[in-house]
Amino acid sequence: MAKAKKEPKQHTAVVTPKSLNFFEQYINNPSPTGFEWEGQRLWLDYLRPYVDETFTDHYGTAVGVINPNADFKVVIEAHADEISWFVNYITKEGLIYVIRNGGSDHQIAPSKRVNIHTDKGVVKAVFGWPAIHTRSGEKEESPTLKNIFLDCGCASKEEVEALGIHVGCVVTYEDQFMVLNDRYYVGRALDNRAGGFMIAEVARLLKENKKELPFGLYIVNSVQEEIGLRGAEMIAHRIKPNLAIITDVTHDTQTPMINKVTQGDLACGKGPVVSYAPSVQINFNRLLIDTAMKKNIPFQRQASSRWTGTDTDAFAYSNEGVPSVLVSLPLRYMHTTVEMIHKEDVDNVIRLIYETLLSIKSAHDFRTFAQ
């Protein structure tokens with residue numbers, strides 16, 4: 001008997017041309033840790049038609065709320081900040097040394113073009129590097145924080161300072177968003193502005209599909225994740241949510257030099273990643289997985305040893321404990337300027353969060369046992 005042909009998997013597209021246009025603007029806009037406000041303005045402008053009210057906190061975390069008067073509160077959250085550099089030292093010859101603002105990778109810096117953000121506007125510069133002809137000796141020197149430097153075309157410290165550059169100015173890469181092979185979104189800061197985009201799309205779907213939620217929904221775009229989950233810590237105490245769904249990126253492990261034994265076997269294009277970790281509430285996670293299965297949303301699994309390293313940990317351990325889950329987006333080349341995410345994974349993360357919200361009851365209790 002001939003075997004029945006396997007039906008090709010059906011993918012449900014979510015991202016529209018209009019929302020993709022916003023995504024491109026949002027990725028291209030610099031929002032370094034501690035300086036996220038321009039990106040937050042863009043995000044709130046996009047989100048406002050889909051929520052009942054918005055607010056921000058003192059450090060720049062932005063929030064949209066649906067059903068603000070409800071007692072039971074559910075958060076969906078991402079972080080807005082991107083890794084960057086700080087000007088740390090200007091030599092008398094007009095060269096600039098930097099320190100990290102977040103987990104910036106010194107090895108990718110040489111020959112990159114950057115924007116130095118000053119009160120007078122953006123100043124263009126490059127990370128210089130000695131030509132291969134001049135690097136002599138038995139052992140080549142690798143890029144380190146001690147030897148990478150910026151050149152903005154000035155010949156003296158005074159000339160640099162006249163441009164408005166001073167110690168503490170923030171520096172971002174200028175790389176732009178693109179679509180690769182009609183399959184991947186590529187750009188800097190997809191970690192984790194992709195998350196902010198996806199939770200905004202969840203709000204759009206709820207509005208366009210006229211869904212009524214039996215709880216208050218807080219769509220949260222937190223600041224300062226890259227230096228220790230700080231924005232999430234602050235906003236969790238302000239909102240005091242009952243539940244939290246966090247979305248962030250995780251590593252695609254299919255490219256060279258990544259050890260699957262330690263990093264797991266995860267791939268772009270195979271769906272959202274569901275995490276197992278102490279901060280991930282087990283029964284809430286089961287609802288997430290059950291929802292994925294019922295709605296035929298592909299997903300992958302990941303285990304974290306002691307913490308997730310995401311805002312999940314901040315929400316879970318805030319207040320008196322907030323049942324939290326993590327939905328991750330597989331990403332290649334994290335903390336570079338060519339981060340890559342699969343278009344279908346973006347759609348499926350949005351769908352999974354959306355469908356999970358529709359599965360949550362008012363005052364949903366996820367305790368395994370209660371007395």
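**View 1. The three-stranded open sheet of this predicted model.** Here the strands follow the order β10-β11-β17, and their pairing is antiparallel. The edge positions belong to β10 (178–180) and β17 (339–342); each has a single partner strand, so one side of each is left without a neighbour in the sheet. From one strand to the next, the twist averages 30°. Look next at β10 and strand β11 (residues 184–187), which run antiparallel and are joined by three bridges. Leu 180 has Tyr 184 as its bridge partner in β11. Helix α4 packs on the sheet and touches β11 and β17, with its direction at about 35° to that of β17.

**View 2. The largest nonpolar core and a second, separate one.** The largest nonpolar core holds 62 residues, and Trp 43, Leu 217, Ile 219 and Leu 357 are those with the most contacts inside it. Helix α4 (residues 190–208) supplies the largest share of this core, 10 residues. A second core, separate from this one, has 20 residues, including Ala 109, Phe 127, Ile 148 and Cys 152. For a closer look at the larger assembly, centre on Leu 217. Leaving aside residues up to four places away in sequence, Leu 217 touches Gly 64, Val 65, Ile 66, Val 74, Ile 76, Leu 206 and Leu 357.

**View 3. Strand β16 and two of its partners, β13 and β14.** Eight of the eight residues of β16 are buried, so this strand is largely enclosed by the rest of the structure. In a regular strand, side chains alternate between the two faces of the sheet. Along β16, Ser 324, Leu 326, Ser 328 and Pro 330 point one way, while Val 325, Val 327, Leu 329 and Leu 331 point the other way; all are buried. β13 pairs with β16 in the parallel sense over eight bridges, and Ile 246 stands opposite Leu 326 of β16. β14 and β16 run antiparallel and are joined by two bridges; here Val 274 stands opposite Val 327 of β16.

**View 4. Helix α7, from its N-terminal cap to the residue that follows.** At the N-terminal end, Gln 281 caps α7, with a side-chain oxygen 2.9 Å from the backbone nitrogen of Asn 283. How far should the 13 residues of α7 (282–294) span? At 1.5 Å a residue the expected value is 18 Å, and the end C-alpha atoms are 18 Å apart, which agrees. The buried residues of α7 are Asn 283, Phe 284, Asn 285, Leu 287, Leu 288, Ile 289, Thr 291 and Ala 292. Their cover includes the strands β13 (243–251), β14 (273–276), β15 (300–303) and β16 (324–331), along with α9 (343–359). After the helix comes Asn 296, whose phi is positive, near 55°.

**View 5. Leu 42 in helix α2 and its contacts.** Leu 42 is part of helix α2 (residues 37–47). Is Leu 42 buried or partly exposed? Its relative accessible area is 25%; since buried means under 20% and exposed over 50%, Leu 42 counts as partly exposed. Leu 42 touches Phe 22, Gln 25, Tyr 26 and Asn 29, not counting residues up to four places away in sequence. To Tyr 26, the separation is 16 residues in sequence and 6.7 Å in space, C-alpha to C-alpha.

Terms used: Residues numbered from 1 in each chain as written. Predicted model: local features only at pLDDT ≥ 70, side-chain atom pairs only at ≥ 80, totals over all residues. Heavy atoms only, no water. Helix = DSSP H or I, 4+ residues; strand = E, 2+ residues; numbered from the N terminus. Expected span 1.5 Å × (residues − 1). Buried < 20%, exposed > 50% of the residue type's maximum accessible area, 1.4 Å probe, protein only. Contact = heavy atoms within 4.5 Å. Polar contact = N/O pair within 3.5 Å; in protein donor to acceptor, adjacent residues only side chain to side chain. Core = buried A, V, L, I, M, F, W, Y, C linked by side-chain atoms within 4.5 Å. Pairing = 2+ DSSP bridges. Axes fitted to C-alpha atoms, helices over the stretch in contact; angles between N-to-C directions.
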